[in-house]
2 protein chains.
Amino acid sequence: MLNFEYYTPTKVVFGKETEKRAGELAKAFGASKVLVHYGGGSAKKSGLLDRVCDSLAEAGLPYVLLGGVVPNPRLGLVKEGIELCKKEGVDFLLAVGGGSVIDSAKAIGYGLYHNCDPWLFYDRKATATGCTPIGAIPTIAAAGSEMSDSSVITNEDGWLKRGYSSDYSRCRFAIMNPELTCSLPPYQTSCGCTDILMHTMERYFSHEKHTELTDSIGEALMRTVMHNAHVLMEDPQNYDARAEIMWAGSLSHNGLTGCGTAGDWASHQIEHELGGMFDVAHGAGLAAVWGSWARYVYQEEPEKFAHFAIHVMGVPADSGTTEETALAGIRAMEDFFRSINMPVSLSELGVHPTDDQIREMAQKCVFFGQRTVGGFKVLHAEDIEKIYRMAL
Amino acid sequence: MLNFEYYTPTKVVFGKETEKRAGELAKAFGASKVLVHYGGGSAKKSGLLDRVCDSLAEAGLPYVLLGGVVPNPRLGLVKEGIELCKKEGVDFLLAVGGGSVIDSAKAIGYGLYHNCDPWLFYDRKATATGCTPIGAIPTIAAAGSEMSDSSVITNEDGWLKRGYSSDYSRCRFAIMNPELTCSLPPYQTSCGCTDILMHTMERYFSHEKHTELTDSIGEALMRTVMHNAHVLMEDPQNYDARAEIMWAGSLSHNGLTGCGTAGDWASHQIEHELGGMFDVAHGAGLAAVWGSWARYVYQEEPEKFAHFAIHVMGVPADSGTTEETALAGIRAMEDFFRSINMPVSLSELGVHPTDDQIREMAQKCVFFGQRTVGGFKVLHAEDIEKIYRMAL
């Protein structure tokens with residue numbers, strides 16, 4: 001087990017009708033004027049935004065609204081948000097929506113706190129020393145941004161997509177009502193479940209020994225997500241299944257499933273470039289490349305993949321050699337992805353990159369030779385090219 | 001699944017030599033003068049106290065020392081601590097020791113913040129609205145006080161033992177170095193493992209449905225503790241086993257294993273009175289009564305005990321009726337307690353209460369008829385008497 005830090009200060013208020021507590025919680029965490037940040041029209045149409053605003057008004061908290069956050073949230077709107085907050089004297093940010101909205105709020109928080117262009121942080125030109133306090137009301141179970149330290153922003157100038165992580169951006173509170181996710185379409189639900197599984201797998205596939213508690217919590221989480229993803233295929237409105245997946249989404253990315261491990265994270269980087277070049281949903285992109293990544297790297301430690309096969313995928317312990325068991329586990333995860341209508345190849349994802357595009361993505365992935373990706377197996381540009389080709 | 005709140009703001013810094021960061025962390029959390037609170041001589045003898053004080057001095061933080069905390073920490077020393085802190089201008093409390101030391105610091109924190117007798121809170125005469133900030137360096141894996149909201153104090157005036165819970169008392173940080181626990185004697189190690197298991201079981205045995213993630217995390221935690229308790233029976237200095245158990249100790253009592261469940265907590269209340277009347281170790285007392293509690297209540301929902309039997313104790317799923325499987329699980333847990341030299345009856349605990357004493361403990365347990373205990377089965381004084389007798 002590696003030494004580790006675990007810091008999850010976010011107060012979670014979980015369950016039915018909890019959005020009514022938005023005002024009370026914002027006040028308790030020091031708000032005097034709130035920016036309500038949201039995405040497209042769904043939060044408005046569903047009445048959620050009204051309920052949240054009513055709750056703020058009831059708590060005597062003035063607020064201003066800023067909608068329009070899109071998937072892969074943009075720096076332009078972030079800057080607009082910062083200016084609005086300065087003009088209006090906002091001191092608390094309330095993100096109502098999916099991971100993109102929460103990420104956008106984090107970027108506004110950095111810019112507002114430091115009174116600077118927040119791209120400086122995402123571009124590694126500066127290190128944050130604080131962030132305007134944030135509360136979150138997630139409406140999708142996927143990204144885990146409501147309890148994580150990370151956010152990803154896209155700069156329209158050059159269409160650069162960059163992530164930044166800092167404990168300062170961790171939400172003060174997260175109001176999590178699984179009912180809000182019941183209306184999600186099946187494709188988005190499956191993408192979310194895949195993202196949640198991947199946040200755990202990225203931490204799970206690691207060579208550290210003696211991470212028994214962390215690994216077995218991760219295994220429990222993955223089994224729970226797969227079981228309840230199947231429940232939702234049949235019954236999308238099932239509150240209990242939505243609740244299991246929503247809670248798993250937070251725990252998968254708040255640090256708990258990685259305590260004492262170094263993790264891998266190659267699949268995320270490989271998908272990241274796919275998402276940059278083609279218009280694909282993050283979860284679907286992850287499903288499309290994971291099997292190829294797994295087959296490319298499993299021989300580094302087949303025992304870990306065999307353990308995964310047995311304890312997560314239910315592969316019988318006596319199903320052959322360690323290598324055979326490992327491969328059976330990879331196949332079983334791909335079968336699971338198929339069973340929730342996720343792609344397991346780039347062509348199933350609807351993406352057909354040319355040779356030049358594959359080379360370009362691989363180069364971008366390693367910052368043109370300035371870094372490697374992956375902890376389970378260290379990957380260079382040529383490895384990543386091979387994985388893209390395996391995934392075609 | 002019940003609506004729930006989950007709030008664990010404690011920053012955990014886990015691993016070898018982490019106590020060297022005490023000064024840096026106290027400073028980061030706003031300390032300007034520190035009370036170093038500790039127990040008997042072991043923290044002094046082992047050199048831990050010196051390393052902690054060196055770290056504070058290196059960070060430029062002045063400090064005062066107050067030792068002498070005993071198991072079942074006393075109000076008298078708490079009051080002495082409050083006076084000392086006031087005199088010295090202390091604004092941060094650093095607890096170095098077991099759960100008793102952390103609990104004592106929490107009581108000092110309440111008294112110092114409110115400038116009042118902290119017994120008011122434990123005696124339910126007042127509700128805390130704050131607490132002087134606390135950091136913890138636990139040296140025993142058991143009580144989980146380093147991440148919990150609770151503390152228990154004994155008032156020498158009438159020898160009343162009372163608990164109080166408030167989020168304000170949650171530690172700002174916990175430095176957890178498993179090496180500090182390697183020298184614990186086997187009996188204390190086994191008591192600690194039992195306490196950790198019980199913190200999870202008290203939450204696990206509950207009638208709520210659809211708590212799949214919470215339950216499976218609890219099951220993973222219990223299996224991990226049992227496995228590593230056996231490793232420590234053979235090899236008490238095993239760092240990795242100590243690390244698994246130390247981390248399990250925090251997670252078992254920080255709220256994670258009870259998200260969405262109501263919990264039971266009868267065994268703790270039943271042991272509490274045993275501890276009040278006889279001089280027994282908390283963990284051993286819990287082991288001595290748990291099996292009798294379980295046999296008395298399992299018929300309320302044999303399915304839950306059968307699930308426990310299969311998924312925690314490894315009882316084969318085809319080992320008979322649901323009731324038979326449930327009982328096999330209870331026997332298996334008692335066998336586990338025996339295997340780590342814990343008592344499974346009052347006589348094995350060395351306690352032989354008279355009929356009058358049993359009646360008195362049962363009455364005290366229900367506050368002389370003013371409350372019931374237990375969530376899995378609601379217990380009155382006559383039920384508790386029966387459980388004590390079953391446990392003889």
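**Notebook: strands and helices of a two-chain model**

I began at strand E1 and found that A:Thr8 has B:Thr8 in E1(B) as its bridge partner. A reminder to myself: this is a predicted model.

Next I looked at how the two E1 strands pair. Strand E1 of chain A (residues 4-14) and E1(B) run antiparallel, joined by 7 bridges.

I then followed the sheet outwards. It is an open sheet of 12 strands with mixed pairing, and I read the order as E3(A)-E2(A)-E4(A)-E5(A)-E8(A)-E1(A)-E1(B)-E8(B)-E5(B)-E4(B)-E2(B)-E3(B). Strand E3 (63-66) of chain A and strand E3 (63-66) of chain B each have a single partner strand, so one side of each lacks a neighbour in the sheet. For the twist, I noted an average turn of 25° between neighbouring strands, direction ignored.

On the chain B side, I checked E1 (residues 4-14) against E8 (residues 173-176): they run parallel, with 4 bridges between them. There I spotted B:Phe14 opposite B:Met176 of E8(B).

Now the chain contact. I have 30 residues of chain B touching 30 residues of chain A. On the chain B side, E1, helix H8 (212-234) and helix H9 (239-251) each give two or more residues, and E1(B) has the largest share with 10 residues. By class, I see 16 nonpolar, 7 polar and 7 charged residues on that side.

Last, I turned to a helix pair in chain A. The axes of H8 (residues 212-234) and H9 (residues 239-253) of chain A come within 9 Å and cross at roughly 145°, and the crossing is left-handed. Among the contact residues I listed A:Leu221 and A:Val225 of H8(A), with A:Ile245 and A:Ala248 of H9(A). This contact has 8 nonpolar, 3 polar and 1 charged residues.

Technical notes
Residues are numbered from 1 along each chain as its sequence is written. Chains are lettered from A and ligands numbered from 1 in the order in which they are written. This is a predicted model: local features need pLDDT of at least 70, side-chain atom pairs count only at pLDDT 80 or more; totals for chains, interfaces and linings use all residues. Axes are lines fitted to C-alpha atoms, for helices over the stretch in contact, and angles run from 0 to 180 degrees between N-to-C directions. A crossing is left-handed if the near helix is turned anticlockwise from the far one by less than a right angle, and right-handed if clockwise. Two residues are in contact if their C-beta atoms, placed from the backbone, lie within 7 Å. Ala, Val, Leu, Ile, Met, Phe, Trp, Tyr, Cys and Pro count as nonpolar, Asp, Glu, Lys and Arg as charged, and the others, Gly among them, as polar. Two strands pair if DSSP finds at least two bridges between them.
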